[in-house]
Amino acid sequence: MQNSILLLFLVLAGLSALVFSFVYFSSKKASVEGQGLSNPLRKRFWFLLILFVVLGIFASVTIPKSPYFLFADETPARVIHVSAMQFAFLMSDKAIDSKTPAGESSIELPANQLIEFRVTSLDVNHGFAIYDQSNNLIAQTQAMPGYVNRLRWKFKEPGNYNILCLEYCGMAHQVMRATLTVK
Ligand SMILES: [Cu+2]
């Protein structure tokens, strides 16, 4: 069995080598003569230059708007520690001990004050996603074992917000939820 796999591998490797050498030897180098845009090398140069300029403009406009800088220069009024696990979210005002994890699946938060969630996981990767009352996703971060991700948010409107897992994490992923009541 092993010998036939080796033989098959060698045959396929030989065939690929043949195809590659055929393509290599039958291709001609692009002509470097000739001026203007009819020269393929010059065309490629301008194409890449324009591409990088467009990508550079796009990156410099969008990167400063990324959520990493949201409320970065403010001090949070409340810090909520979040430990995600199969299949629940534990939330607490105090740091959550991974050996004896304890916390609430439903908490109350003040409106119009800066809240910082410190999100981690006790087992596999999860997502920590906050949805408003119309089920729009308003803020999210990953919950990863061994890392603490900070998510800062100000809830403008009082009401009930749902937290759902955004990362398929096992058989009961869909029941993984918690609630925030903003007053
Ligand atoms: Cu999950």
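A residue is called buried if 20 or more other C-beta atoms lie within 10 Å of its own, exposed if 12 or fewer do, and partly exposed in between, with C-beta atoms placed from the backbone. Keep that in mind as we walk through this protein. What you see is a predicted model, where local features need pLDDT of at least 70, side-chain atom pairs count only at pLDDT 80 or more, and totals for chains, interfaces and linings use all residues. Residues are numbered from 1 along each chain as its sequence is written.

**The overall picture**

The protein has two helices and nine strands; both kinds are DSSP runs, with helices being H or I of at least four residues and strands E of at least two, numbered from the N terminus. Along the sequence the pattern reads α-α-β-β-β-β-β-β-β-β-β. The radius of gyration, taken over C-alpha atoms, is 27 Å. For comparison, a compact globule of 183 residues would come out near 16 Å, using the rule of 2.2 Å times the number of residues to the power 0.38. The C-alpha atoms fill a box of roughly 70 × 60 × 30 Å along the principal axes. Of the 183 residues, 16% count as buried.

**Two open sheets**

One open sheet has five strands in the order E3-E9-E8-E5-E6, with mixed pairing. Strands count as a pair if DSSP finds at least two bridges between them. At the edges sit E3 (106-109) and E6 (137-143), each pairing on one side only. From one strand to the next, the twist averages 20°; the angles run from 0 to 180 degrees between N-to-C directions, with axes being lines fitted to C-alpha atoms (for helices, over the stretch in contact).

The other open sheet has four strands in the order E2-E1-E4-E7, again with mixed pairing. Its edge strands are E2 and E7, and its twist averages 25° from one strand to the next.

Here are some of the strand pairs:

| Strands | Direction | Bridges | One bridge pair |
|---|---|---|---|
| E3 and E9 | parallel | four | Ile107 and Leu180 |
| E1 and E2 | antiparallel | five | Ser83 and Leu90 |
| E4 and E7 | antiparallel | six | Leu114 and Lys154 |

E1 and E2 also form a hairpin, with two residues between them.

**Inside the core**

A nonpolar core is a set of buried Ala, Val, Leu, Ile, Met, Phe, Trp, Tyr and Cys residues joined through C-beta atoms within 7 Å. The largest one here has 24 residues, and Phe89, Phe117 and Ile163 are among those with the most contacts inside it. Strands giving two or more residues to this core include E1 (78-85), E4 (114-121) and E8 (159-164). Phe117 touches Ile80, Val82, Phe128 and Leu151, leaving out residues up to four places away in sequence; contact means C-beta atoms, placed from the backbone, within 7 Å.

In a regular strand the side chains alternate between the two faces of the sheet. E2 shows this nicely: Phe89 and Met91 point to one face and are buried, while Ala88, Leu90 and Ser92 point to the other and are not.

**Back to the opening definition**

Where does Glu116 sit? Its place is in strand E4. Glu116 counts as partly exposed because 18 other C-beta atoms lie within 10 Å. Setting aside neighbours within four places in sequence, Glu116 is in contact with Pro76, Val79, Arg150 and Arg152.

Terms used:
Two residues are in contact if their C-beta atoms, placed from the backbone, lie within 7 Å.
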